[in-house]
Amino acid sequence: MTPSPLIDIGLNLANRRFTADWEPVVARAHAAGVARFILTGTSLKVSREVARLTEKMAAGTAYFTAGVHPHYASELGAEGLGELRELLSHPNAVAVGETGLDYNRDLSPRHVQRAALEAQVALACTLGKPLFLHERDAAQDLLAILDNFKSRLPRCVVHCFTGSEAIARQYIERGFYLGITGWVGQKNRNQDLLQALTAIPPERLMLETDAPYLTPPGYKPSVAGRNEPAALPRVAELLAIARGVPLEQVRADAYMASMKFFGLNDLPG
């Protein structure tokens, strides 16, 4: 039986660590069974770059998000919002983000982060595009902002989720999806996430590498210290182990969740 294809919903392919060899990186991922990629836009510049990268990749295999990460929130003025709106009209644009709140590193003032998030949530509501969310040590403020848009809010995924069961339940009760990375296999660091998995229905879980970050245990990268999208099968294995379910079930559930969330059609056989 052919295993379910995989979709990497969080790949930072515009990162400088991929500049010299992004095409072999993508080829290795395809060879490993990763059929599609959602390239992450983290700033106006990076969102433009990932849009261009998707145009260079095989048709139907690459899509992108366009948004401003909380670290760069101060760049999002009226002109930036106009540029985001234009980028999101691209046929390969599937979500608004990466946007959210990061109170762990606080690289932008918190009130600036909140304003940028509110602006991008409003844009997603207007365009009917899903939201690709980042949250670190800021769940309650994130939820408070999102709840203000409750009747209009589109589909939401909290990517690279590592939080507690209590936080997971708050996301799940609102209908959100959660992205799982190689963190699920990081012993001594993954205890909150392992507990949270008991509260997350399989149809709300999606898989991502967050490459070049978060190399999963048990995967040997082609370049030392750099995660790759070819590691996604290992992320699926680690999630299957953590949940105590067959690997193929994890792959199939994540594939269906990703297709539904991003509104994708099956690739032609």
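Let me begin with the fold around one short stretch of the chain: in this predicted model, β6, α6 and β7 make a right-handed β-α-β unit. The chain then goes on from β7 through helix α7, residues 191-196, to β8, and this second β-α-β crossover is right-handed as well.

If we look at how these strands are joined, β6 and β7 pair in the parallel sense over 2 bridges, and within that pairing Val-157 stands opposite Tyr-177 in β7. On to the next neighbour, β7 and β8 also run parallel, joined by 3 bridges, with Leu-178 of the one standing opposite Leu-205 in β8.

What, then, lies on the two faces of strand β7? In a regular strand the side chains alternate between the two faces of the sheet. In β7, residues 177-180, both faces are covered, since Tyr-177 and Gly-179 on one side and Leu-178 and Ile-180 on the other are all buried.

Let me stay in this region and turn to the loop between β6 and α6, where Cys-160 is found. Cys-160 has a positive phi of about 50 degrees although it is not a glycine, and it is buried, with a relative accessible area of 4%.

The aromatic rings come next, and the count for the model comes to 4 aromatic pairs. A pair of aromatic rings is described by the distance of the centres and the angle of the planes. For Phe-161 and Tyr-171 the ring centres are 6.1 Å apart and the planes stand at 80 degrees, so this pair is edge-to-face. Because Phe-161 lies in the loop between β6 (156-158) and α6 (165-173), while Tyr-171 lies in helix α6, the pair ties together parts that are 10 residues apart in sequence. Both partners are shielded from solvent in the sense used here: Phe-161 is buried, with a relative accessible area of 2%, and Tyr-171 counts as buried at 0% relative accessibility.

A further pair is formed by Phe-261 and Phe-262, whose ring centres are 4.8 Å apart and whose planes are at 80 degrees, so that this pair, too, is edge-to-face; both of these residues are buried. Returning to the earlier pair, I should add that ring pairs link Phe-161, Tyr-171 and Phe-176 into a cluster.

Two arginines also belong with the rings. Arg-155 lies over the face of Phe-261, at 5.8 Å from the ring centre, and Arg-110 lies over the face of Tyr-103, at 4.1 Å from the ring centre.

Now to the helices, of which I will take α8 and α2. The 12 residues of α8, at 1.5 Å a residue, should span 16 Å, and the end C-alpha atoms of α8 are 17 Å apart, which agrees. Which residues of α8 are buried? They are Leu-232, Pro-233, Val-235, Ala-236, Leu-238, Leu-239 and Ala-240. An α-helix has 3.6 residues a turn, so residues three or four places apart point the same way. What covers the buried residues of α8 includes β1 (6-11), β2, β7, β8 and α9 (247-262), and the helix is followed by Gly-244, whose phi is positive, near 70 degrees.

Helix α2, residues 44-56, can be treated in a similar manner: its 13 residues, at 1.5 Å a residue, should span 18 Å, and its end C-alpha atoms are 19 Å apart, which agrees. The buried residues of α2 are Leu-44, Val-46, Ser-47, Val-50, Ala-51, Leu-53 and Thr-54, and among the elements that cover them are α1 (22-31), β2 (34-39), β3 (62-66) and α3 (78-87).

I will finish with the backbone. Which peptide bonds deserve a look for being cis? One joins Gly-97 and Glu-98, with omega about 20 degrees, and Glu-98 lies in strand β4, residues 93-102. Another is the bond from Ala-211 to Pro-212, with omega near 15 degrees, where Pro-212 lies in the loop between β8 (205-207) and α8 (232-243).

Finally, Asp-137 has a phi near 55 degrees, a positive value in a residue other than glycine. Asp-137 sits in the loop between β5 (131-136) and α5 (139-147). Is Asp-137 buried or exposed? Asp-137 is exposed, with a relative accessible area of 56%, whereas Cys-160, the other non-glycine residue with positive phi that I described, is buried.

Terms used. Residues numbered from 1 in each chain as written. Heavy atoms only, no water. Phe/Tyr/Trp six-rings, centres within 6.5 Å; stacked < 30°, edge-to-face > 60°. Helix = DSSP H or I, 4+ residues; strand = E, 2+ residues; numbered from the N terminus. Buried < 20%, exposed > 50% of the residue type's maximum accessible area, 1.4 Å probe, protein only. Lys NZ or Arg CZ within 6 Å of the ring centre and 35° of its normal. Expected span 1.5 Å × (residues − 1). Contact = heavy atoms within 4.5 Å. Pairing = 2+ DSSP bridges. Right-handed = clockwise from strand over helix to strand, strands pointing away.
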